[in-house]
Amino acid sequence: MRQLEFETMLFNRHAYLFAHRARASIWNLDRSAYILLTRIQMVGPMSIGQLSEATGLDASTLNRQTAAMTRQGLVERIPDPDGGIARKFRITEEGERALDGDRARNLGILEDLMDDWSPAEAATFTASLHRLNRAIERLDGRPWPRP
């Protein structure tokens with residue numbers, strides 16, 4: 001477990017440093033927009049309350065993040081399609097393009113990082129990471145939808 005703790009610390013450090021450097025030039029979205037847009041893309045329009053419940057972030061943080069995404073044209077506010085009172089955020093075509101572009105870049109980076117891994121090694125790693133994420137989600141009580 002000590003080695004696992006150490007390796008996850010390094011993984012988080014590498015991911016943060018790499019993302020921070022890369023975001024300055026070739027990326028369309030910051031980390032929070034990427035995560036929120038992914039969730040909205042997967043489940044459809046969401047209110048601030050639903051985003052808060054899904055992510056564990058407070059409403060004031062989400063208001064700032066969604067306001068920035070709205071200014072950038074990544075989401076738009078719409079009436080609740082189910083007739084509720086709260087307005088919801090829907091991903092725009094520009095938001096879809098930005099998210100799809102960043103996802104393609106992420107996939108390219110992963111392919112480069114794992115180019116000397118066998119398909120079996122990549123599948124084993126993916127299954128283990130999936131299992132770890134599911135365990136975290138169970139403890140947190142907030143499962144993330146999967147494609």
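**Entry 1. Salt bridges in α6**

I began with R134 and E137, whose side chains meet in a salt bridge at 3.4 Å, N to O. The model I am reading is a predicted one. Both R134 and E137 sit in helix α6, residues 119–140. They are three residues apart there, about one turn of the helix.

I then looked up how far each side of the pair is open to solvent. R134 is partly exposed, because its relative accessibility is 28%. E137 comes out at 12% relative accessibility, so I noted it as buried, the cut-off being under 20%.

Which other residue does E137 pair with in a salt bridge? I found R146, with the closest N and O atoms 3.1 Å apart. R146 has a relative accessible area of 29% and is therefore partly exposed. Through shared partners, the salt bridges join R134, E137 and R146 into one network.

I wrote down the general background once: side chains of opposite charge can pair when their charged atoms come close.

**Entry 2. A salt bridge in α5**

I counted salt bridges for the structure as a whole and recorded eight. One that I followed up is between the side chains of D100 and R103, at 4.0 Å from N to O. D100 and R103 both belong to helix α5, residues 93–113. Their spacing is three residues, about one turn of the helix.

Are D100 and R103 buried, exposed or partly exposed? D100 has 40% relative accessibility, so I put it down as partly exposed. R103 is partly exposed as well, because its relative accessible area is 25%.

**Entry 3. The chain as a whole**

I stepped back to the secondary structure, which comes to six helices and two strands. Along the sequence I read the pattern α-α-α-α-β-β-α-α. The C-alpha trace spans about 50 × 35 × 25 Å along its principal axes.

The chain has 147 residues, and 23% of them count as buried. I also checked contacts with a separation of 6 or more: residues 24 or more positions apart account for 51% of these.

**Entry 4. The nonpolar core**

I looked for the largest nonpolar core and found 18 residues in it. Which of its members touch the most other members? I listed L29, L37, I40, L51 and M69. At least two residues of this core come from each of α2 (31–43), α3 (48–55), α4 (59–71), β2 and α5. α2 gives the most, with five residues.

As a general remark, in soluble globular proteins nonpolar side chains tend to be buried together.

For I40 I took the contacts beyond four places in sequence, which are M46, L51, V75, F89, R90 and I91.

**Entry 5. α2 against α4**

How do the axes of α2 and α4 cross? I have them coming within 10 Å and crossing at roughly 90 degrees. The two helices are therefore roughly perpendicular to each other. On the α2 side I noted S32, A33, L36 and L37, and these meet L62, Q65 and M69 in α4.

**Entry 6. I91 in β2**

I moved to strand β2, where I91 is placed. I91 is buried, because its relative accessibility is 12%. I91 and V75 lie 16 residues apart in sequence, yet their C-alpha atoms are 4.3 Å apart in space. Leaving out residues up to four places away in sequence, I91 touches L37, I40, Q41, L74, V75, E96 and L99.

**Entry 7. K88 in β2**

My last lookup was K88, also found in strand β2, residues 88–91. Is K88 buried or exposed? Its relative accessibility is 6%, so K88 counts as buried.

What does the side chain of K88 join in a polar contact? I found the side chain of Q50, at 3.4 Å. Q50 also appears in the list of residues that K88 touches beyond four places in sequence. The rest of that list is P45, M46, S47, E76, R77, I78, D80, P81 and D82.

Technical notes. Residues are numbered from 1 along each chain as its sequence is written. This is a predicted model: local features need pLDDT of at least 70, side-chain atom pairs count only at pLDDT 80 or more; totals for chains, interfaces and linings use all residues. Side-chain values use heavy atoms; hydrogens and water are left out. Helices (H or I, at least four residues) and strands (E, at least two) are DSSP runs, numbered from the N terminus. Buried means under 20% relative accessible area, exposed over 50%, partly exposed in between (1.4 Å probe, protein chains only). A polar contact is a pair of N or O atoms within 3.5 Å; within protein, one must be able to donate a hydrogen and the other to accept it, and residues adjacent in sequence count only if both atoms are side-chain atoms. Contact means heavy atoms within 4.5 Å. A nonpolar core is a set of buried Ala, Val, Leu, Ile, Met, Phe, Trp, Tyr and Cys residues joined through side-chain atoms within 4.5 Å. Axes are lines fitted to C-alpha atoms, for helices over the stretch in contact, and angles run from 0 to 180 degrees between N-to-C directions. Angles under 35 degrees count as roughly parallel, over 145 as roughly antiparallel, 65 to 115 as roughly perpendicular and the rest as oblique.
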